[in-house]
Amino acid sequence: AQQFGMTEALAQLGIKDINDGTSTGIQNFANGEILESYSPVDGQLIGKVRMSTPADYETAMKAATEAFKTFRLMPAPQRGEIVRQFGEKLRKNKEALGKLVSYEMGKSLQEGYGEVQEMIDICDFAVGLSRQLHGLTMHSERPGHRMYEQYHPLGVVGIISAFNFPVAVWSWNTALAWIAGDVCIWKPSEKTPLCGIACQNIIAEVIKENNLPEGISCLINGDYKIGELMTADTRIPLVSATGSTRMGKIVAQAVAGRLGKSLLELGGNNAIIVTPDADVKMTVIGAVFGAVGTAGQRCTSTRRLIIHESMYDKVKDAIVSAYKQLRIGNPLDQNNHVGPLIDTDAVALYQKALEQVVAEGGKILVEGGVLSGEGYESGCYVKPAIAEADNSFRIVQHETFAPVLYLLKYSGDVENAIALQNGVAQGLSSAIMTNNLREAERFLSVAGSDCGIANVNIGTSGAEIGGAFGGEKETGGGRESGSDAWKIYMRRQTNTINYTTNLPLAQGIKFDL
Ligand code: NAD
């Protein structure tokens, strides 16, 4: 942790004593067992945190429900001001927090900074939005009546997040929830608990400086068991859960069982279609970054390349040769392109996927493998691999959260490529590389991509704050971030006001007394 200024970064973020389990942030919702966080970068212990017990959870819920009673009364633009101050603090802490993200999760330093930048961007977006939580007015069918709709906050929003975006996903939810007047209770991934503490320390300062109740932002660290308390809790009207489809199915059923709302951001199986009219250079950049960026651990990572047979060899050769340039190593060192996987369990799943693609008849084009020796002591560094495969292979149908790219061939019309692209259970991100307007428009049409994100001449990976983010089918159907995603954090109320001295009923119904 001495390297790359990590010690200073941790101190700046309020994570001071790594060995006594007290790196638990400002709130005291953590009296349970110790959870150790090891870096996949160098295998070193970064810190120990205490997990929350069911009793701690109750304390946190009490703080949250109390805080909601006052926070909801604050005018939305004033809540926007709190989010603005939060964005300012993030700007000041961008370097330190970006470093911690990189060190605890293993993504490249630039991507760590990028993740914090996303947090800043969603704050800016939310500040503007705090003056634009618009409802509609309608014309009443009854004389002397006015009808309109308004949005009120929901209450306590539960956030369950994944390891791969350990800070941004929280802020996508909180920035909107807070301007909406909700309070939040967050369970970060048990693989990145220190990122959770760092974020909580930053917002806690803003809350304190404004004399607001602490419960506006509550952090509970722990594994799925503490998450289950949230999904079962009728005091949480909305559970926003990001992670695997396996987790999403469990969470969705638990929340639906009590008729709560869930916002699900689950796994992807994203493809780029490469047509005969594609720009090969752009395709290579988009595909390689999409497949190996964050070591293939983005929900939007490119997993499949669907290439027209006329272009197949050309694109294949260009990508295989680009893979030869990749430098794998410490992600804090900006000379490296590919960092580690999150842990050795993820490495085992990567190895299994490569075995399975061969067993199903696939052909390895770029060999994978686990790296060892100096710089690779954590055992989490793997070689990005490419295999020729068929869309029907079970392993191709499955999201392997690692840098494994499958090349698929199509012939004939772009419709055939779209059928392959849509022929998986997930529906997050998709892209087409083409300079042919007809192909691009067909890809975007009603009969085109069935994903929540469909791009033209851009890869599948990454997205801007301004658009609604999320996907269909087994990706869960939720939308976060921009556009009108704020509406899920609020309840809609339709109001009709009668300003006459009569009481006419709707639909002309007569009821004379
Ligand atoms: P995961 O499903 O293992 O864990 C995600 C979170 O869910 C963790 O905090 C975990 O503790 C919690 N959890 C697990 N089971 C639970 C249960 N029964 N009840 C309550 N909480 C439970 O996922 P991961 O390995 O951390 O992340 C990788 C996955 O996340 C990939 O599938 C990736 O595609 C997906 N992801 C999706 C998006 C998106 O926006 N669509 C974004 C990031 C990651």
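1. Start with N457. This residue counts as partly exposed, because 15 C-beta neighbours fall inside 10 Å, and a residue needs 20 or more to be buried. N457 sits in the loop between β17 (453–456) and β18 (468–469). Its phi is near 60 degrees, a positive value in a residue other than glycine. Keep in mind that this is a predicted model.

2. A295 raises a similar point about the backbone. Phi of A295 is near 50 degrees, again positive in a residue other than glycine. The residue lies in the loop between α10 (280–292) and β11 (302–308). Is A295 buried or exposed? A295 counts as buried, because it has 31 C-beta neighbours inside 10 Å.

3. Now the overall fold. The protein chain holds 14 helices and 21 strands. Its radius of gyration is 24 Å, close to the 24 Å that the globule rule gives for 513 residues, so the chain is as compact as a globular protein of that length. Along the principal axes, the C-alpha atoms fill a box of roughly 80 × 60 × 35 Å.

4. Burial and contacts come next. Of the 513 residues in the protein chain, 53% are buried. Take the contacts between residues at least 6 apart in sequence: 73% of them join residues at least 24 apart.

5. The UniProt record, an unreviewed entry, lists residues 33–494 as "domain: Aldehyde dehydrogenase". The end C-alpha atoms of that span lie 47 Å apart. Helix makes up 39% of the span and strand 20%.

6. Which residues come nearest to the ligand? They are A162, G227, G243, E265 and C299, out of 29 residues around the ligand. Two elements, α8 (224–232) and α9 (245–257), give two or more residues to this shell. Helix α8 gives the most, with 4 residues. By type, the shell divides into 12 nonpolar, 11 polar and 6 charged residues.

7. E265 deserves its own point. The unreviewed UniProt entry annotates E265 as "active site". It is also among the residues that come nearest to the ligand. E265 is placed in strand β9 (residues 261–265). The residue is buried, because 29 other C-beta atoms lie within 10 Å. Which residues does E265 contact, leaving aside its neighbours within four places in sequence? The contacts are T242, G470, G476, G478 and E480.

8. Look at helix α4 (residues 94–105). It has 12 residues and reaches 16 Å from its first C-alpha to its last. That is close to the 16 Å expected at 1.5 Å a residue. Just after α4, G106 takes a positive phi of about 100 degrees.

9. How many of the 12 residues of α4 are buried? The count is 10, so α4 is largely enclosed by the rest of the structure. The buried residues are A96, L97, G98, K99, L100, V101, S102, Y103, E104 and M105. Note that K99 and E104 are on that list; both types count as charged.

10. What surrounds α4? Its buried residues pack against three helices and two strands by name: α1 (6–12), α5 (109–129) and α7 (193–209), together with β1 (34–38) and β2 (45–50).

Conventions. Residues numbered from 1 in each chain as written. Predicted model: local features only at pLDDT ≥ 70, side-chain atom pairs only at ≥ 80, totals over all residues. Rg over C-alpha atoms; globule rule 2.2 N^0.38 Å. Contact = placed C-beta atoms within 7 Å. Near = placed C-beta within 6 Å. UniProt positions renumbered as here; feature names shortened; annotations may be inferred. Expected span 1.5 Å × (residues − 1).
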